[in-house]
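This report describes a single protein chain, to be read alongside its sequence and coordinates.

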Amino acid sequence: AGDVSRWARERFTSANAALWMTADPGDVPLPLLPSSPAPVPPAVAIPGVVLPAWTEGVRDAVCLTFLGGERPATVAAMAILRTRILDDLRRRNGLVYTVDSDVSRVGDDVHVTVTVPCPHEHAETVCHALLDALERLAGEPPAAEEIADALDRWRRMYDDPANRPGLLHEA
């Protein structure tokens, strides 16, 4: 109980808390201590794990995750990375159907996740292709055409009123 209380005092504060309710709280007081956001805990090395690492999941997929910098630039880079991976693994090699990606804020950084669902027997090939695509993106800036294509896709998506409710979390 002491550990939970200590954690609550440090972490469950006005700058760090989110509360979802299914009904109006009425007059129930929800006092939270004022504070600044708690820092992101440092990464902890897992003994015996050599990165990149893998784990069994509920579906067969290769997943890459990392912390990045400026959010708009990272979102744009991930859109271009996703297109490059799809071109390589789907259109050229027929190994995958889709590439999922997500970019979420974590303090001043962004947490990037790229997931490529694939059959287990293609996981090693997909993993190498994903890492190669990421290294190419770091070493070769996107071409003007790639940037224009990404901007065009975004404009079409944001201009469609049917997409707006699902995009509110990006605001």
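The sections below treat the overall architecture, the sheet, the salt bridges and the cysteines in turn.

## Model and confidence

The structure is a predicted model. Across the chain the mean pLDDT is 77, and 68% of the residues reach a score of at least 70. Confidence varies by element: helix H3 (residues 123-139) has the highest mean pLDDT, 89, while helix H5 (residues 164-167) has the lowest, 56.

## Overall architecture

The chain contains 5 helices and 3 strands. In sequence order these elements follow the pattern α-β-α-β-β-α-α-α. The chain comprises 171 residues, of which 20% are buried.

Contacts over long sequence separations are well represented. When contacts between residues at least 6 apart in sequence are considered, 60% of them join residues at least 24 apart.

## The sheet

The 3 strands form an open sheet, arranged in the order E1-E3-E2 with antiparallel pairing. Strand E1 (61-68) and strand E2 (100-106) occupy the edges; each has a single partner strand, so one side of each lacks a neighbour in the sheet. From one strand to the next, the twist averages 15 degrees. Helix H3 packs on the sheet, where H3 touches E1 and E3, and the direction of H3 makes about 25 degrees with that of E1.

Strands of a sheet are held in pairs by backbone hydrogen bonds, in either a parallel or an antiparallel arrangement. Here E1 and E3 pair in the antiparallel sense over 8 bridges, and one of the positions involved is Gly68, whose bridge partner in E3 is Val110. E2 is joined to strand E3 (residues 109-117) by 7 bridges, again running antiparallel. In this pairing Ser104 has His111 of E3 as its bridge partner, and Asp102 stands opposite Thr113 in E3. E2 and E3 form a hairpin with 2 residues between the strands, in which Gly107 adopts a positive phi near 65 degrees.

How many residues of E3 are buried? The count is 7 of its 9 residues, and E3 is accordingly described as mostly covered.

## Salt bridges

The model contains 2 salt bridges. One of them joins Glu146 and Arg84, whose closest N and O atoms are 2.7 Å apart. This pair connects distant parts of the chain, with Glu146 in helix H4 (residues 144-159) and Arg84 in helix H2 (residues 71-92), at a separation of 62 residues. Glu146 counts as partly exposed because its relative accessibility is 23%, whereas Arg84 counts as buried because its relative accessibility is 12%, under the 20% cut-off. Leaving aside residues up to four places away in sequence, Arg84 touches Arg136, Leu137, Glu140, Pro141, Pro142 and Glu146.

Asp87 and Arg91 also form a salt bridge, with the closest N and O atoms 2.7 Å apart. Both residues lie in helix H2, 4 residues apart, which corresponds to about one turn of the helix. With a relative accessible area of 26%, Asp87 is partly exposed. Arg91 has a relative accessible area of 56% and is therefore classed as exposed.

## Cysteines

How many disulfides does a search of the whole structure find? The result is 0 disulfides. Cys118 takes part in no disulfide, and the nearest cysteine sulfur, that of Cys127, is 9.2 Å away. Why is there no bond between Cys127 and Cys118? The 9.2 Å between the sulfur of Cys127 and its closest cysteine sulfur, in Cys118, is too far for a bond, since a disulfide requires the sulfur atoms to be within 2.5 Å.

The surroundings of these two cysteines may also be described by accessibility. Cys118 counts as buried, at 6% relative accessibility. Cys127 is partly exposed, with a relative accessible area of 27%.

Key. Residues numbered from 1 in each chain as written. Predicted model: local features only at pLDDT ≥ 70, side-chain atom pairs only at ≥ 80, totals over all residues. Heavy atoms only, no water. Salt bridge = Lys/Arg side-chain N within 4 Å of Asp/Glu carboxyl O. Buried < 20%, exposed > 50% of the residue type's maximum accessible area, 1.4 Å probe, protein only. pLDDT = per-residue confidence, 0-100. Contact = heavy atoms within 4.5 Å. Pairing = 2+ DSSP bridges. Axes fitted to C-alpha atoms, helices over the stretch in contact; angles between N-to-C directions.
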